[in-house]
Amino acid sequence: MGLIELFILAVGLSMDAFAVSVCKGLAMPRITLKKVAVVGAWFGGFQALMPAIGYILGVQFRDKITAIDHWIAFILLGIIGINMIREACSGECETESESLDIKTMFLLAVATSIDALAVGITFAFLNVNIIAAVLFIGITTFIISSIGVKIGNVFGTKYKAKAELAGGIILILLGFKILLEHLGILP
């Protein structure tokens, strides 16, 4: 997986966190750099942690399923993408509270990074430098989530659904790319 594909994947994965960050920003009467950093750190940290866990789990089974690994990547990314598109069409904010307490942020960070766990499993079957990949995903999500808080505070939920829709489409297209490359249709 090249740097461009990794960047596209990182942006796609961060769209759930972006959407929740927009909702967080919407609920905050006044944002501060500390609040933005807290939201970014929670979401970026978990978006980095979950693919690492998924990778470790996937490596355990890599030898047993290499013949179908491309199908696993395709199906997992497709399911995640379809779920994101479905959430985009629902038009609801995942949270309305401005609370940044540990329990709230932990639950939101886990909820928005479950898809990254599945992506980490697919990383076990691809040629990926896992340390660089998880750092890249975490930093990208930190930045995008921080921007989401500001956008939510200024503009409201105008961009939330569009971001989730774009993220879902990106993940589905990456799944197709992995499948087509393995089948020899793409170079």
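## Close-up views of a six-helix predicted model

**View 1. S145 sits inside helix 5.** Let's start in the middle of things: S145 is part of helix 5, which covers residues 130-155. Keep in mind that what you see is a predicted model. Is S145 buried or exposed? Its relative accessible area is 0%, and anything under 20% counts as buried, so S145 is buried. Which residues does S145 touch, leaving aside those up to four places away in sequence? They are A17, F18, S21, G40 and F43. A17, F18 and S21 fall within helix 1, residues 3-27, while G40 and F43 fall within helix 2, residues 33-65.

**View 2. I130 is another buried residue of helix 5.** Stay with the helix from the first view, because I130 is found in helix 5 too, and its 16% relative accessibility makes it count as buried. Skip the residues up to four places away in sequence, and I130 touches P51, Y55 and F123. Take P51 from that list: P51 and I130 are 79 residues apart along the chain, yet their C-alpha atoms are separated by 8.3 Å.

**View 3. F136 is partly exposed.** Here is one more residue of helix 5, F136. At 27% relative accessibility, F136 counts as partly exposed, because that value lies between the 20% and 50% limits. What does F136 touch, not counting residues up to four places away in sequence? The list is L3, L6, F7 and A10. For a sense of scale, pick L77, which is 59 residues from F136 along the chain. The C-alpha atoms of F136 and L77 are separated by 18 Å.

**View 4. K177 and E5 form a salt bridge.** A search of the whole structure finds 2 salt bridges, and one of them joins the side chains of K177 and E5, with 2.8 Å from N to O. The pair links distant parts of the chain: K177 belongs to helix 6 (residues 160-182), E5 belongs to helix 1 (residues 3-27), and 172 residues separate them in sequence. Why can such a pair form? Side chains of opposite charge can pair when their charged atoms come close. K177 is partly exposed, at 24% relative accessible area, and E5 is partly exposed as well, at 21%.

**View 5. E181 joins K177 in a salt bridge.** Now look along helix 6, where the side chains of E181 and K177 meet in a salt bridge of 2.3 Å, N to O. How many residues apart are these two? They are 4 residues apart, about one turn of the helix, and both lie in helix 6. E181 has a relative accessible area of 33%, which makes it partly exposed. Put this together with the previous view and you get one network of E5, K177 and E181, joined by salt bridges that share partners.

**View 6. A nonpolar patch lies on the surface.** Seven names to find here: I68, W71, I75, I79, L183, I185 and L186 make a nonpolar surface patch of about 660 Å². Where does I68 lie? I68 is in the loop between helix 2 (33-65) and helix 3 (69-90). With a relative accessible area of 43%, I68 is partly exposed.

**View 7. Two stretches come from a UniProt record.** The unreviewed UniProt entry lists residues 6-27, 39-61, 67-85, 106-125, 131-151 and 163-180 under "transmembrane region". How do two of these look in the model? Residues 106-125 are 90% helix and 0% strand, with end C-alpha atoms 29 Å apart. Residues 131-151 are 100% helix and 0% strand, and there the end C-alpha atoms are 30 Å apart.

**View 8. Zooming back out shows the whole protein.** The protein has 6 helices and 0 strands, and the pattern along the sequence reads α-α-α-α-α-α. Its C-alpha trace spans about 55 × 30 × 25 Å along the principal axes. A compact globule of 187 residues would have a radius of gyration near 16 Å, and the protein agrees, at 16 Å. Of the 187 residues, 45% count as buried. Among contacts between residues at least 6 apart in sequence, 93% join residues at least 24 apart. The accessible surface comes to about 9200 Å², and carbon and sulfur atoms account for 72% of it.

How values were computed: Residues numbered from 1 in each chain as written. Predicted model: local features only at pLDDT ≥ 70, side-chain atom pairs only at ≥ 80, totals over all residues. Heavy atoms only, no water. Patch = residues over 30% accessible without salt bridge, like charges linked within 9 Å, V, L, I, M, F, W, Y side chains within 5 Å. Areas by Shrake-Rupley, 256 points an atom, 1.4 Å probe, with all protein chains shown as cover. Salt bridge = Lys/Arg side-chain N within 4 Å of Asp/Glu carboxyl O. Buried < 20%, exposed > 50% of the residue type's maximum accessible area, 1.4 Å probe, protein only. UniProt positions renumbered as here; feature names shortened; annotations may be inferred. Rg over C-alpha atoms; globule rule 2.2 N^0.38 Å. Contact = heavy atoms within 4.5 Å.
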